Amino acid sequence: MAAETIPAGSTTDGAIQVGQPTDARVGAIASYDVADFPVPHGREEDWRFTPLERLRGLHDGTAEATGGVRVEVSAPEGVTVETVDRTDPRLGKAGKPVDRVAAQAYSSFEKASVVSVAKETVLTEPVRISVHGEGGTAYGHQVVEVGAFAEAVVVIDHTGDATLAANVEYLIGDGAKLTVVSIQDWDDTAVHAAQHTALVGRDATFKSVVVTFGGDLVRLHPRVIYGAPGGEAELYGLYFTDNGQHQEHRLFIDHDTPHCRSNVAYKGALQGKDAHAVWIGDVLIRAAAEGTDTYELNRNLVLTDGARVDSVPNLEIETGEIVGAGHASATGRFEDEQLFYLMARGIPADEARRLVVRGFFAELVQQIGIPELEERLIAKIEAELKASVA
């Protein structure tokens, strides 16, 4: 299949420049065919932060499918769950892969999981998708399709050990509402690279909450495309990067349709030697996208020495007829003054530390809207803090 060119972006310091692209979309292509993508060497803009040797061959074609992941779906009434082959017309409908790993995953999977919510169905409990790694290398593909005026919450929970490359597609019908919570709670030895692509229909609402804790290397690429006017997208994320972990989130929101809205807020905490978090936020407002309203935020809390953060927001605007557009990025160390203030009021140091970090993440955890899942994530954050090397 023919590749297509992806438009380029802007400067990394917040200045808007049209026609002078400098970000990761320069020269990028979108294609289902892995042969359309050159093998990355780490000097490319969209790969320069990624330790390629830790991808275990996912990027250069040497990773053979020697293992597997077990996918189990628990769904309420009104949901259809199917396992389909590569000929199913819903596969690839949200958008094409935009890097070599995603294209390799698309070229290599054998069966895909499709979860469909019938039109006008309002689910009263979440759809739960469990993806459990059983060792070795695997390639996967999942589609979540929500019909017109339906409402659903989907939780995708990644656990176990695997080297996994995958594509996940979200098809949100006109007037529909979909919330997806994607949890990366892998074993410490896992590698996970995935592209998440959402196609948002007319007056539809899409909320994504990405939570990343585990894994040796996790590289996720959430993307939003608007199929008609009136679409709204909210992308939230939290990550806790520990000793030696590499966690990378690369977002792209393509405002190519009038009167659509997007809001992005990602927060991360880091601790330990060689903990490395990367956040790239690309927002493109094309000339046709009048009436766009968009904002993106990334904040990082560095808890110990030896951790590193790379945070790069990019915003390109090709029309002056917008409601609003902006972005912000901030990275700071754990404030000793905050700790002292709480300790001066009789709170032990460990408890004070947990309170500060819980407060940092609280706003995003509350976006999940599932109490038992929120409690699980708070407990996970506190467990990470207890293991602190500080």
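**A walk from histidine 192 to helix 3**

Histidine 192 is buried, because its relative accessible area is 1% and the cut-off for burial is under 20%. Keep in mind as you look around that this is a predicted model. You will find histidine 192 in strand 9, which covers residues 191-200. What is histidine 192 in contact with, once neighbours within four places in sequence are left aside? The partners are His158, Leu164, Gln184, Trp186, Leu217, Val218, Arg219 and Leu220. For a sense of distance, try glutamine 104: 88 residues separate it from histidine 192 in sequence, and the two C-alpha atoms are 13 Å apart in space.

Let's turn to the nonpolar interior. The largest nonpolar core contains 55 residues, and Tyr170, Ile172, Leu178, Phe206 and Leu235 have the most contacts inside it. Strand 7 (residues 151-172) supplies the largest share of this core, with nine residues. Tyrosine 170 is a good place to pause: not counting residues up to four places away in sequence, tyrosine 170 touches Ala94, Val144, Ile156, Leu178, Val180, His196, Thr197, Ala198, Leu199 and Phe206. Another core, of 25 residues, lies apart from the largest one and includes Val209, Tyr236, Phe240 and Leu364.

Leu364 takes us on to helix 3, where it is one of the buried residues. The others are Ala352, Arg353, Arg354, Val356, Val357, Phe360, Phe361 and Val365. Helix 3 runs over residues 349-365, 17 residues in total, and spans 23 Å between its first and last C-alpha, close to the expected 24 Å. Where does helix 3 bend? Look at glycine 359, where the bend is about 35 degrees.

Note on methods:
Residues are numbered from 1 along each chain as its sequence is written. This is a predicted model: local features need pLDDT of at least 70, side-chain atom pairs count only at pLDDT 80 or more; totals for chains, interfaces and linings use all residues. Side-chain values use heavy atoms; hydrogens and water are left out. Helices (H or I, at least four residues) and strands (E, at least two) are DSSP runs, numbered from the N terminus. The expected span of a helix is 1.5 Å times one less than its number of residues. The bend at a residue is the angle between axes fitted to the seven residues ending there and the seven starting there. Buried means under 20% relative accessible area, exposed over 50%, partly exposed in between (1.4 Å probe, protein chains only). A nonpolar core is a set of buried Ala, Val, Leu, Ile, Met, Phe, Trp, Tyr and Cys residues joined through side-chain atoms within 4.5 Å. Contact means heavy atoms within 4.5 Å.
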